[in-house]
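The exercises below concern a protein assembly and the way in which two of its chains meet. Please examine the structure, then work through each task and its solution.

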Amino acid sequence: MDANTAYLTQNTPENVHTVEHPLSGGKTLEEILSNIEMTIIEEKEEHLIIDLVGIEAPIANALRRIMLSEVPTMAIEDINLWQNTSVIPDEVLAHRIGLIPIDADPRLFKFKHPNEEHSSENCICFKLHAVCRRLEDGSIVGDKVMSGDLQWQPFPNQQERFGHFKPVHDDIIIAKLGPGQEIEAELFCEKGIGATHTKWSPVCTASYRLAPKITLKKEIAGENAINLKNKCPMGVFDVKKGKAVVKNPRNCTSCRECIREDDSMVSLAKVKDHFIFTIETTGALSPRDIFREAIKELRDKAAFWLDKINIYKRTPKS
Amino acid sequence: MSQNSHQEQNLLIPAFLQLRGLVKQHIDSYDYFLTTDIKQIVSSPSNCCVLSDYNPDFYLKYKDIRVLMPSIEEDAVISSITPHECRLRDLTYAAPIEVDIEYIKGNKIICRSGLEIGMMPIMLGCCNCVLRNKSEEELAKMLECPYDPRGYFIIKGVEKVILIQEQASKNRIIVEIDSKNNVVAQVTSSTHEKKSRTVVQSKGSKIYMKHNTLSEDIPIAIVFKALGVQADQEIFQLVGTQKQYIDALGMSLQECSILNILTEKQALRFIGSKIKNSKAAKTGRTKIEEARDVLATVVLSHVPCENYDFRAKIRYLGIMVRKVIDAMNDPKKVDDRDYYGNKRLELAGQLVGLLFEDLFKRFNSDIKKHVDKIFSKPKSSKGEPFDVITAMNKKMITEGLNNAISTGNWSLKRFKMERAGVTEVLSRLSYMSALGMMTRINSQFEKTRKISGPRSLQGSQFGMICPSDTPEGESCGLVKTLALTTHITIDQPEEQISKLAFSLGVEDASLFSGDELYSPGVFRVFLNGQPLGVHRDADFLINSLREIRRKGKISEFVSVVKVEEEQQIHIACDGGRLTRPFIIIEKCKSKVEPKHIKELTLGLRNFDDFVNEGLVEYLDVNEENNAVIAMRHENISEDTTHLEIDPFTILGCVAGLIPYPHHNQSPRNTYQCAMGKQALGIIGYNQFLRVDTVLYLLAYSQTPMVRTKTIEIVNYDKLPAGHNASVAVMSYSGYDIEDAIILNKASSERGFGRSLIVKRQNSDLRRYNNGLSDRLVMPPVIHGDNPPPSIKKFHALDKGGIVAVGSIVQTGDVLVNKETPVNKVDDIEMSKLTDNDFKPSFTCFKGPNPTQVNRLFIACNPEEPFLIKTVTIETRPPELGDKFSSRHGQKGVVGLIVQQEDMPFNEQGWCPDMIMNPHGFPSRMTVGKLIELVAGKSGVFQGKFKYGTAFAGDKVIDCGEILVKNGFNYTGKDVLMCGTSGELVGAYIFSGPLYYQKLKHMVADKMHARAIGPKTALTRQPTEGRAREGGLRLGEMERDCLIGYGAASLIQERLMYSSDVFIASVCESCGNLGYEQWCQFCKSRLNIVKVKMPYACKLLFQELQAMNIRPKLNLSSS
């Protein structure tokens, strides 16, 4: 059994934990660092897939956790609700509005302290005024309040400095109105992190999976090979020259269908230091930026603790 | 093919319920009352006229009675009214009762039509309700929810349900064995006029008749003789001439001759001497006349007896005696008391009918009293002649009905009957709890009696009563719920049926002497328990009657039953029987064919057409015994007569929510039935327009991923109560033991389990007898940032003195700044009063948490001229300790709320909303929950709802296949990564969506702690209970622990110093309690010492003294 491989057997995953210290195998820190590889597999506006090879699970996980909860964004925090005659109660409406992702680079803003006033430095202000009317011809206008109805109210010189702010999507339904109903509100965005409230999380989700390592335990040929190929719903296997081959191991979703009845043919495993990250952004930051910010944050944390440790080492023991 | 047609035939159920609604039984019975029964009551000979004892010329005759549409009279203007207006304004949803009368005024006959005699509460949805047959749009205009079940009343703004009452059937002979091992045949006779119980019982080898009006048991032979059957031979003929009957009756006849009673007169004299509370002396009648009267009117009062023609009664008594002898010889002939065919359900219509008749009788007797008073005085010639209309008290009937429905106390004077708890406030906790209440059956049995018979599930209840939905604990099995398709019959006229029976060859019993009734090969025919006659060809009669019923010529709810072993045919058309529809099978073929179903889907026919065309028929519990019913198409054999429409209809609407209930351990389904009613959700489309005292709502309620057919039929998919939570079944952190669940913080922040608590507080400006009234006052002006609390509590008020909508209020904040006049007695003009003549009496906010004022209602009704209702809404995200439950009786509290990044995640990035500990499964055996998860998970990938209908539903194997197609394991177990360590989780985790309900038990409503707080006035001990900010009791068992441990000082501290310590003055010389260093007994202050004791102890001494016991305190220093 390879220490760097976790095996998926019929009943349970095996060898999932890494007990050894990364430096215990006689490797030096430099060796480890030089072995780290990063490849961008796919990059789109809304998501990013990266391969990270050669790091330990705690490091990869720290990055994931930071992306989820510690990379700041801007989100609506305070609402002055002047009028709400819709069917949605005030607090539910406020909650819905709070969850709308705002297209604003949080790096341009400062955190607002509880006692601080809203200002151009720490706040983006929107206005929402939606009225539903029945026109003379009987048609109804304004029955849907959308995120696109939010109107930016720039603070002095905000426009010149930052350009334009708006919600990421214009088509999120906030509320539905009946004729005569009205919502009027003033919304204030603040900078915050996902640990405080999920609305500040920059990602829909950021997660990773371990790279699958699929091997054939023996030569599979003929009907068995075709069966194996058909068994896998993700098309991992193929038949070449009458023999089964592993064609697309990355497609594997660990459904274990190939070892469901007979585990003597295929070995399903995971490479424990090969992480395939998927980062899906809510839209405020590009996924690449989120990843970069996460690394920055991790570095800051490390520096912080390094500092603490150094101070501790310097203080004489009593 | 059979599979396909089977699925198609299921469409009948929605069609059935669409036509019927879920509470048709209530509405039908009330319709019958309003249209038929009320007219019968008024036209019955004992009610239809009022005469005077003093003026023979006078009469008042009721010619007709009607109930109009609901309305209200305000300031002499009558306007129609909607149910919702009644709810908001605390009004009664009632309609005027109008009568047409004819009476004597002076010496003229006067006819008056449309005279109002009172207001009748109107059941929502009945034929006199404005909501009847209204479209969804029209209902919306009346602010009514289209899915509201209706069938309840609104009395003073409160929704009241008259629960279905279960009773043993009336006017039927029931044979039982009593505690002394005697055979007892009893009949509870019930007519509009009288209720009585007649018992024929064996005692040793003799047979007696027992009745409440008689002080002793009467030998049966004497009863026969008193009824005019003087010859012994005739008695034998009436009971039976076979050996066993002659043997059994011998002793009874002998007893009769020993007493030397041989003639009718002697027998009547004997009975006359045994009558309790004999009025013979008063009325001047002889005992013989009195006895004859009792026999004619009281004994077996439901058997008709005109002009002392006792023949019908004799026959009936003969049957009773025969049943007793049969049961003496064969214990199998004893009836089963819990058999559901012997039960009748009483509904709102019947109950209100009984009450109305009672009130109407009282109304008439009040008129008679008044009239007699007028006519008993010498006639004064001057002035208008007396008009009887002035003697009518409209309030009597109105208030009598309103009070009975709002308190639930049904007191019927004429039957001397008092019944409590007939009505209940309609529970609006959730849509399901309201529905569950409307289909609930209350049993008359006492809850305290520890008997299992009436509580256990009876075979005859199959399909009629839900086997799962009953409460746990004391009322287990006594409170039941109707199954989905059960219909309760209403009374049908007997005449038509009896005529039909006679023309089908029934030979009238009154033509026989008795012996012919029992000749072999002849079937005795009964109509509603009364002997009608005999028929020689039972099958002909039964088949023809059924054929006629299927043709729709007689009511579809008439039941015809052949009892082979007793040679009897029972025809029933009385009300309160349980029936349900079946598909008719003839020659192994279902009469419902695919083409019919096709027409149904096209809307060309409805369920009634199926009944009218004889494709589907209703069977009651008794007739089910004559039928061979196939559960499914494939079970049809040669003998099959009927086919179940769908097996899932044996469950009620609440149990119908459970997916795959047939895979669960049965108590789990029962638990879910109790919990489904506590789940928060949407209670109706008009929920934000209602002003209930408390309303629990769920902010983002979802329709379940795994549905059942019942869910769609009862519209639970439109008014759901719960969330489709992503669940991972694994252990996590140790905060998930004992069924606790782990919640994802991100999920709760995105709206999972977020509930709204809508509360209402009333405040009314009263008007007092002296013409003064309460007034609203402008609040004091608040200056500065930190005003004192006495001023700050006014912060939420508007200038008018009422709280501003949208403001946040906290405990103690004033909602309505009201002032009451000090002088409420003397006549003073309002304008002359100064501010000093008023004292503040503001209404304060009571809730514990800061809450937003959402709405204000200002209304008036006849009792309250100025009613202010404040509605506040509080939003609560789930917190530690809130209770959640799946649909399988698996409840648990939130044990830990975890950040999303700490949650495990799968390869797709999915992470659970909730983690449930796997230890919940092995002992509970809720396999249905496992299947729900797999089915739900596969449904997610298909983008389709899955079905977990009872005894059907999507198969696990199919769901597993869908999972595999989408790259998941077929068992639903995924590879997960740990959120904290980042490594793989060392097991495959069973994960997917499960429907979770948030239950009403929330920590915010329960948490409580206290250091120093209020004390009760009497004992000076801390108050009790959370509502009074009470202390936490150190009880007897806790005290025992401390005693056992020897912690004396701690006990003293807990029980005295921290509770009601009191320094008493005690006189050392006399041992009495003193006061302020003075002993009143010794008239001295010399020997007074101070003693610490609990105040309760001092109180005890004083109370003892008050009853002349002197506790003496002997003091000594330690």
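**Exercise 1.** Describe residues 1030-1114 of chain B.

*Solution.* The C-alpha atoms at the two ends of this span are 35 Å apart. Its content is 38% helix and 16% strand, where helices (H or I, at least four residues) and strands (E, at least two) are DSSP runs numbered from the N terminus. The UniProt record (unreviewed entry) lists residues 1030-1114 of chain B among the segments of "domain: RNA polymerase Rpb2"; such annotations may be inferred rather than shown by experiment.

This is a predicted model, in which local features need pLDDT of at least 70 and side-chain atom pairs pLDDT 80 or more, while totals for chains, interfaces and linings use all residues. Residues are numbered from 1 along each chain, chains are lettered from A and ligands numbered from 1 as written, and side-chain values use heavy atoms, without hydrogens and water.

**Exercise 2.** State how many residues of chain B and chain A are in contact, and what area is buried.

*Solution.* First, 42 residues of chain B contact 46 residues of chain A (heavy atoms within 4.5 Å). Next, about 3700 Å² is buried, 50% of it from carbon and sulfur atoms; this is the accessible area (1.4 Å probe) lost on being put together, summed over both parts. Finally, Glu907(B), Leu984(B) and Tyr988(B) lose the most area in chain B, together 19% of what that side buries.

**Exercise 3.** Which residue of chain A forms a salt bridge with Glu907(B)?

*Solution.* The rule (a Lys or Arg side-chain nitrogen within 4 Å of an Asp or Glu carboxyl oxygen) finds 2 salt bridges across the interface. Glu907(B) pairs with Lys270(A), with the closest N and O atoms 2.3 Å apart.

Terms used. Buried area = accessible area lost by both parts, 1.4 Å probe.
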